[in-house]
Each structure stands twice: as C-alpha cells, then as structure tokens.
Amino acid sequence: MSLRPYTYVTLSLRPESTPHVGVSFHTPDLKVRAGLLLSSPRPYLELYSTEANVHISTTGAGSVTDADLSTAREIFTAAARYLADCEQLHAEQADKDATADTAGPAT
C-alpha cells in the first residue's frame, strides 16, 4: 500500500513556550533552490511545493556567522545522506521489479 503524495504542516502553541512549526513534504512536486539575495547580501535555501514553503537563511537574516557555516555543513551532509539512501533504495526496488518481471506470473 502506498499513500498519495502530500504535504503536512503543523503549528504547536503552548503557553510560555516557543511556538513550533513542523513541515513534512511527501510529494514529487517538491522544489529546492538556493541563491544569494543581492540586496542584503545573504545566502538562502528554499524548499517548496504548492502547499508550503520553507526558507533557510543566515542568523537574524544578517552576516554569515560560524554557527551559520556549521548549519550549512549539516544541511549538506544530511542532503548527501538522503541522496545516497534514495539511490540505494531505488536500485534495490529496480532489482526487485526486474526479478519479479523475469519470474513470470504468480500461480
């Protein structure tokens, strides 16, 4: 069973707590872009679909800090891991599909 594509957004507000926003993209319509806002200048990373947008930029939308560099490296490492996991699972699924095709119909 597979679910249809979706984007899930939650907002949690509790008294005397920091609000928490959660965004889960489970859609092939997800887009990603990065760039440099020339008016500031500051870098940005954006993940977006028709349902939601997530923008990431420097601390306080200001100058690049050591913490910003650390966060950017973590994003890069996580994205590389996500790519590797997707490639591995895609290859395994293709192998499984090819094996099922050559085995013939189930009786």
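## A salt bridge within helix H1

Aspartate 85 is partly exposed, with a relative accessible area of 30%. This value comes from a predicted model. Aspartate 85 forms a salt bridge with arginine 81. The closest N and O atoms of this pair are 3.1 Å apart. Arginine 81 is exposed, because its relative accessible area is 55% and exposed means over 50%.

Both residues belong to helix H1. Aspartate 85 and arginine 81 are four residues apart, so about one helical turn separates them.

Helix H1 covers residues 66–103. Aspartate 66 also lies in this helix. Its relative accessibility is 68%, so aspartate 66 counts as exposed. Aspartate 66 and aspartate 85 are 19 residues apart along the chain. Their C-alpha atoms are separated by 29 Å.

## A salt bridge between strands

The structure holds two salt bridges. One of them joins arginine 33 and glutamate 46. Here the closest N and O atoms are 2.5 Å apart. The pair links distant parts of the chain, with the two positions 13 residues apart in numbering. Arginine 33 sits in strand E3 (residues 31–37), and glutamate 46 sits in strand E4 (residues 42–48).

Are these two partners buried or exposed? Arginine 33 has 41% relative accessibility, so it counts as partly exposed. Glutamate 46 has 5%, so it counts as buried. The cut-off for buried is under 20%.

## A nonpolar patch on the surface

Which residues make the nonpolar surface patch? They are Val9, Leu11, Leu13, Val21 and Val23. The patch measures about 460 Å².

Two strands each supply at least two of the patch residues. They are strand E1 (6–12) and strand E2 (20–26). Leucine 11 is found in strand E1. Leucine 11 is exposed, because its relative accessible area is 56%.

## The largest pocket

The largest pocket holds about 400 Å³ of space. Its lining includes Phe25, Pro28, Leu45, Leu47, Ile75 and Tyr82. Thr27, Leu30, Val32, Ile56, Ala78 and Ala79 line the pocket as well.

Which element gives the most to this lining? Helix H1 does, with four residues. E4 and H1 each supply at least two lining residues.

## Backbone details in the loops

A cis peptide bond joins serine 40 and proline 41. Its omega is about -25°. Proline 41 lies in the loop between E3 and E4.

Glutamate 16 has a phi near 60°, a positive value in a residue other than glycine. Glutamate 16 is in the loop between E1 and E2. Its relative accessible area is 87%, so glutamate 16 is exposed. Alanine 61 is not a glycine either, yet its phi is positive, about 55°. Alanine 61 is found in the loop between strand E5 (53–57) and H1. At 40% relative accessibility, alanine 61 counts as partly exposed.

## Confidence in the model

The protein averages a pLDDT of 91. Of its residues, 94% score at least 70. Which elements have the lowest and highest mean pLDDT? E1 has the lowest, at 92, and E4 has the highest, at 95.

Conventions
Residues are numbered from 1 along each chain as its sequence is written. This is a predicted model: local features need pLDDT of at least 70, side-chain atom pairs count only at pLDDT 80 or more; totals for chains, interfaces and linings use all residues. Side-chain values use heavy atoms; hydrogens and water are left out. Patches are made of residues with over 30% relative accessible area and no salt bridge: like charges are joined within 9 Å, nonpolar side chains (Val, Leu, Ile, Met, Phe, Trp, Tyr) within 5 Å. Accessible areas come from the Shrake-Rupley method with a 1.4 Å probe; for residues, only the protein chains shown count as cover. A salt bridge is a side-chain nitrogen of Lys or Arg within 4 Å of a carboxyl oxygen of Asp or Glu. Buried means under 20% relative accessible area, exposed over 50%, partly exposed in between (1.4 Å probe, protein chains only). pLDDT is the predictor's confidence in each residue, from 0 to 100. On a 1 Å grid over the protein atoms alone, a cavity is a set of points where a 1.4 Å probe fits but cannot get out, and a pocket is an open set with protein on both sides within 12 Å along at least five of seven lines; lining residues have an atom within 4 Å of a point. Grid points are joined across faces, edges and corners, and a volume is the space filled by probe spheres set on the points.
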